[in-house]
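Please work through the exercises below with the sequence and the structure at hand, trying each task before you read its solution.

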Amino acid sequence: MQTKKPFKNLKIFASGFLMLTGLVATAQQTTGDVVKKADVDPGTTITDGAVRVIDNKGTIKYLQTQNGITMLSNTTNNVTTTTWQLGGVLTDSTFIDIDGKLFGLNGLELIDAATESASTDATTESDAGTGTGYTILVRDEATGATKKLLATELIQSGQEAFTATLAQTTFALTGAPVLPSFSQVWVYRNGAKLIANVDYTVAASTVTLVENDYAVYAGDIVEIQYVK
């Protein structure tokens, strides 16, 4: 009958313990160490200002965010940098709350009025390259959504002249544009300016003359100008 030697059992236990210790020592780190100081200098072992992470191969890297661009850099001289650039299709509504801080864009070019003009063929939800000219970005105060506006929709103006008949007092503009308030409408009779809201009134697309100290005769030229 053969008996097991205690010394041999001890060696087996020690070997198993060492293997277990090695596995524990090389286990992957699943949480990062957050530090708050200077920026990471790629290629060095400085860890201030970034979150230290471990990739699936056990390589130590640093996660850093600056101006919306996130970079990963190794701690050795063999630096690997991965950049995520903003762009693509949003998967959800996105808002940036500046919380009282300033938000702006630098480096924008001025429009060259000699070679560039307002867009006349812009369409809703169009992609870049599908139209010409320029539009104006505006904000919907009800929803906060950013939308675009044709320049002609922001500032509109018009002018039309009529040859009056005897005692004619109403003049409807061609195309029925909705006129602004009387303070933005100018009416002339034979070249003489009439007084707003005294010598004429404005409603919808029609100007109505009020014959206070004058009368309208056949052949009078009534000119209407407006800006809105």
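The exercises that follow go from the chain as a whole to single strands, side chains and pairs.

This is a predicted model, in which local features need pLDDT of at least 70 and side-chain atom pairs count only at pLDDT 80 or more, while totals for chains, interfaces and linings use all residues. Residues are numbered from 1 along each chain as its sequence is written, and side-chain values use heavy atoms, with hydrogens and water left out.

**Exercise 1. The whole chain**

Task: State how many helices and strands the protein chain has, and what share of its residues count as buried.

Solution: Begin with the secondary structure, where helices (H or I, at least four residues) and strands (E, at least two) are DSSP runs numbered from the N terminus. The protein chain has two helices and 14 strands. Next take burial, for which buried means under 20% relative accessible area, exposed over 50%, and partly exposed in between, with a 1.4 Å probe and protein chains only. Of the 228 residues of the protein chain, 17% are buried by this rule. Finally, turn to the surface, which the Shrake-Rupley method computes with a 1.4 Å probe, and for residues only the protein chains shown count as cover. The accessible surface of the protein chain is about 17,500 Å², and carbon and sulfur atoms hold 57% of that area.

**Exercise 2. A sheet and its edges**

Task: Find the order of the strands in the four-stranded open sheet, and explain why E8 and E11 each have one side without a neighbour.

Solution: Strands of a sheet pair through backbone hydrogen bonds, either parallel or antiparallel. Here two strands are taken to pair if DSSP finds at least two bridges between them. The order in this open sheet is E8-E14-E10-E11, with antiparallel pairing. Strand E8 (157-163) and E11 are at the edges and have a single partner strand each, so one side of each lacks a neighbour in the sheet.

Now look at E10, which is joined to strand E14 (residues 221-227) by five bridges and to strand E11 (residues 192-193) by two bridges. Arg189 has a bridge partner in both, namely Val222 in E14 and Ala192 in E11. In the hairpin of E10 and E11, two residues lie between the strands, and Asn190 takes a positive phi near 55°.

**Exercise 3. Two faces of one strand**

Task: Decide which side chains of E10 are buried, and describe the surroundings of Trp186.

Solution: Follow the alternation along E10: Val185, Val187 and Arg189 point to one face and are buried, whereas Trp186 and Tyr188 point to the other and are not. Trp186, in strand E10 (residues 185-189), is partly exposed because its relative accessibility is 29%. For its surroundings, take contact to mean heavy atoms within 4.5 Å. Beyond its neighbours within four places in sequence, Trp186 is in contact with several residues, among them Lys193, Tyr200 and Tyr226.

**Exercise 4. Salt bridges**

Task: Count the salt bridges, and say which parts of the chain Arg189 and Asp220 link.

Solution: Side chains of opposite charge can pair when their charged atoms come close. The rule used here asks for a side-chain nitrogen of Lys or Arg within 4 Å of a carboxyl oxygen of Asp or Glu, and the count comes to three salt bridges. In one of them, Arg139 and Glu141 have their closest N and O atoms 2.8 Å apart; Arg139 is exposed at 51% relative accessible area, and Glu141 is exposed at 63%. Lys147 and Asp140 form another, at 3.6 Å from N to O.

Arg189 pairs with Asp220, with the closest N and O atoms 3.2 Å apart. This pair links distant parts of the chain, since Arg189 is in strand E10 and Asp220 is in the loop between strand E13 (206-209) and E14, 31 residues apart. Arg189 is buried at a relative accessible area of 18%, and Asp220 is buried at 7%.

**Exercise 5. An aromatic pair**

Task: Classify the one aromatic pair of the structure.

Solution: Rings of Phe, Tyr and Trp (its six-membered ring) pair if their centres lie within 6.5 Å, and planes under 30 degrees apart count as stacked, over 60 as edge-to-face and the rest as tilted. The structure holds one such pair. The ring centres of Phe162 and Phe171 are 5.5 Å apart and their planes are at 50°, so the pair is tilted. Phe162 and Phe171 are both buried.
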